[in-house]
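Me: I would like to go through the labels used for a protein model, one at a time. Please set each value against its rule.

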Amino acid sequence: MVPNSSLPPQPRWFVRRDIDGFFGLALDNLIQILVIVALTQGVLQFPPALVYGRILPGIALSLVVGNLYYGWLAHRQGQQQQRDDLTALPYGINTVSLFAYVFLVMLPVRLNALNGGASPDQAAELAWAAGLVACLGSGLIEVGGAWVADRLRQFTPRAALLSTLSGIALTFIAIGFLLRTYAHPLVGLVPLGVILLTYYGQVTFLIPGTRIEIPGGLLAVILGTGLAWATGLSHWDSTQFALATEPMRLYLPRPWLGSLWEQRSTLVNYLSVIVPMGLFNLVGSLQNLESATAAGDDYPAAPCLAVNGIGTLAAACFGSCFPTTIYIGHPGWKAMGARIGYSMLNGVIMGLFCLTGTIGLLAFFVPIDSGMAIVLWIGIVIVAQSFTAVPERHAPAVVMGLLPGIAGWGALIAKNALRSAGLGTPAAPFSPDLVPLFELSDTYITGAFALEQGLIFSAMILATMTVHIIDRQFGKAALWSVGAAALSWVGLLHSYQWTIADTVINLGWGTGAAWAAGYGLLALLLFYAQWQQIPPES
């Protein structure tokens with residue numbers, strides 16, 4: 001029987017290109033999980049039983065909840081719209097919150113407990129429970145904001161939403177992996193070539209002697225892994241192998257509501273960290289939804305953001321201290337040809353690795369360098385989209401929105417350099433005394449530190465103001481400047497304070513007075529421009 005070609009297309013749960021998408025998203029999730037294992041066991045000194053028996057099972061549950069939901073949603077949307085080309089929203093662990101909760105919540109709680117006479121195990125228990133409460137608070141903000149956040153999307157120009165993501169993609173994703181590629185060129189350049197040939201050159205790689213196509217992402221990982229082992233970047237180490245296999249056993253997630261209740265005071269004590277992180281996650285997810293819409297896949301904001309928060313709540317209730325989020329990169333997965341299965345497969349496979357303690361064994365055999373070209377390509381696609389999916393006249397606004405991300409990345413590099421030089425310890429802490437050293441080389445590092453705080457908000461605001469100025473809507477630009485002044489005044493924007501090894505957000509009434517005054521003066525200028533504007537001749 002000949003199929004009826006007049007029937008509308010229907011979404012499929014899995015297509016061949018989902019294999020490529022899976023490798024890219026799984027690599028991204030793998031990096032985050034390895035960072036969590038390293039920080040919790042290294043910085044926080046958590047025992048392996050706590051990391052593998054509580055935190056990773058909670059992560060597994062949250063990844064399964066989110067990835068399965070967004071895959072199901074893409075399938076349902078495809079049925080309703082009679083389309084077979086929808087790509088599920090990528091989903092994983094929020095990187096920014098990961099570092100914030102380790103260094104600004106859990107580490108202080110651990111140190112305070114040790115100073116108070118607690119044993120290392122007791123300190124670890126208290127720090128972990130505090131992380132659960134912080135994660136819970138972030139989830140509550142995400143769920144509560146889901147029903148009002150779409151209003152922000154309606155009056156914020158697309159150039160502002162997309163350029164903010166592009167600044168992060170260009171610096172924290174693309175440049176970082178590009179530097180790693182050229183640090184290990186014998187391993188990194190060939191996988192990069194495979195990805196560029198596959199997705200820009202439309203080259204098809206076949207198994208020799210057959211007509212069977214090898215997915216570009218799979219080929220990149222295979223070649224990268226082979227080159228890593230052949231060149232010595234990866235090598236056999238019996239000690240490391242033993243460490244990777246030691247935690248291997250089945251761990252099932254279980255609720256930890258009692259620990260949440262016992263540390264409930266963390267919600268108040270660390271509100272200055274939890275609120276910005278929750279808002280950052282909410283707005284970032286909203287921007288990723290706009291990015292998906294610009295790529296042709298329009299998803300309902302409220303349920304997507306609510307499930308985003310529910311995934312974080314599930315993580316907190318079942319042992320993970322780390323919020324989850326709708327990931328950056330949907331346009332890249334779509335351009336790659338991934339559809340629904342890549343997301344669901346990622347949730348299931350990464351969940352199994354976390355539940356069985358085999359995440360370290362995977363990292364032992366498959367180095368990050370083998371698949372980082374996929375993530376680098378995703379960063380390129382996101383930056384390109386921010387220019388192609390907006391009116392041409394708004395291109396300057398996109399550039400303006402890129403700049404805070406570049407400044408934030410520069411601040412990160414500067415602080416990493418200081419730490420590498422031996423600073424950032426109790427004996428040699430960071431302090432304002434370091435600033436003149438930078439300014440002698442014409443590097444105004446305090447500006448980078450200021451733009452780093454509330455980066456996602458400052459990028460949106462600057463890009464939105466630029467769009468309204470281009471469109472000669474000076475009054476609207478002035479109102480955004482007033483909003484920036486208000487956020488600066490309470491410390492949600494630009495205001496920072498020095499810690500031993502970092503600069504962190506400084507919430508409080510009037511803490512950002514200088515930036516608030518600057519934005520206030522800018523608002524007056526913009527209101528004046530609106531007032532004296534001469535209407536165009538008819």
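Reply: Start with a rule: contact means heavy atoms within 4.5 Å. The model is predicted.

Me: Which residues of helix 4 and helix 13 meet under that rule?

Reply: On the helix 4 side they are L132, C135, L136, S138, G139, L140, E142 and V143. Helix 13 contributes L305, A306, N308, G309, I310, T312, L313, A315, A316 and C317. Sorted by class, this contact has 12 nonpolar, 5 polar and 1 charged residues.

Me: Why are helix 4 and helix 13 called roughly antiparallel?

Reply: Two packed helices are described by the angle between their axes and the distance between the axes. For helix 4 (residues 120-145) and helix 13 (residues 301-317), the axes come within 8 Å and cross at roughly 165 degrees. Angles over 145 degrees count as roughly antiparallel. The pair is therefore roughly antiparallel. Their crossing is left-handed.

Me: How many disulfides are there, and why is C135 not bonded to C321?

Reply: The count is 0 disulfides. A disulfide is a covalent bond between the sulfur atoms of two cysteines. The rule asks for sulfur atoms within 2.5 Å. The closest cysteine sulfur to that of C135 is in C321, at 7.1 Å, so the gap is too far for a bond. From the other side, C321 has the sulfur of C135 as its nearest, 7.1 Å away, and is in no disulfide.

Me: What makes C135 and C321 buried or exposed?

Reply: Buried means under 20% relative accessible area. C135 has 0%, so C135 is buried. C321 also has 0%, so C321 is buried too.

Me: Where does S259 lie, and how do you know whether S259 is buried or exposed?

Reply: S259 lies in helix 10 (residues 257-262). Its relative accessibility is 12%. The cut-off for buried is under 20%, so S259 counts as buried. Leaving out residues up to four places away in sequence, S259 touches W128, A129 and L132. L132 is also one of the helix 4 residues that meet helix 13.

Me: What about V467: buried or exposed, and which residues does V467 touch?

Reply: V467, in helix 21 (residues 455-470), has a relative accessible area of 2%. That value falls under the 20% limit, so V467 is buried. Residues up to four places away in sequence aside, V467 touches P157, A159, H394 and A397. Its C-alpha atom is 27 Å from that of G278, and the two residues are 189 residues apart along the chain.

Conventions. Residues are numbered from 1 along each chain as its sequence is written. This is a predicted model: local features need pLDDT of at least 70, side-chain atom pairs count only at pLDDT 80 or more; totals for chains, interfaces and linings use all residues. Side-chain values use heavy atoms; hydrogens and water are left out. Axes are lines fitted to C-alpha atoms, for helices over the stretch in contact, and angles run from 0 to 180 degrees between N-to-C directions. Helices (H or I, at least four residues) and strands (E, at least two) are DSSP runs, numbered from the N terminus. Angles under 35 degrees count as roughly parallel, over 145 as roughly antiparallel, 65 to 115 as roughly perpendicular and the rest as oblique. A crossing is left-handed if the near helix is turned anticlockwise from the far one by less than a right angle, and right-handed if clockwise. Ala, Val, Leu, Ile, Met, Phe, Trp, Tyr, Cys and Pro count as nonpolar, Asp, Glu, Lys and Arg as charged, and the others, Gly among them, as polar. Buried means under 20% relative accessible area, exposed over 50%, partly exposed in between (1.4 Å probe, protein chains only).
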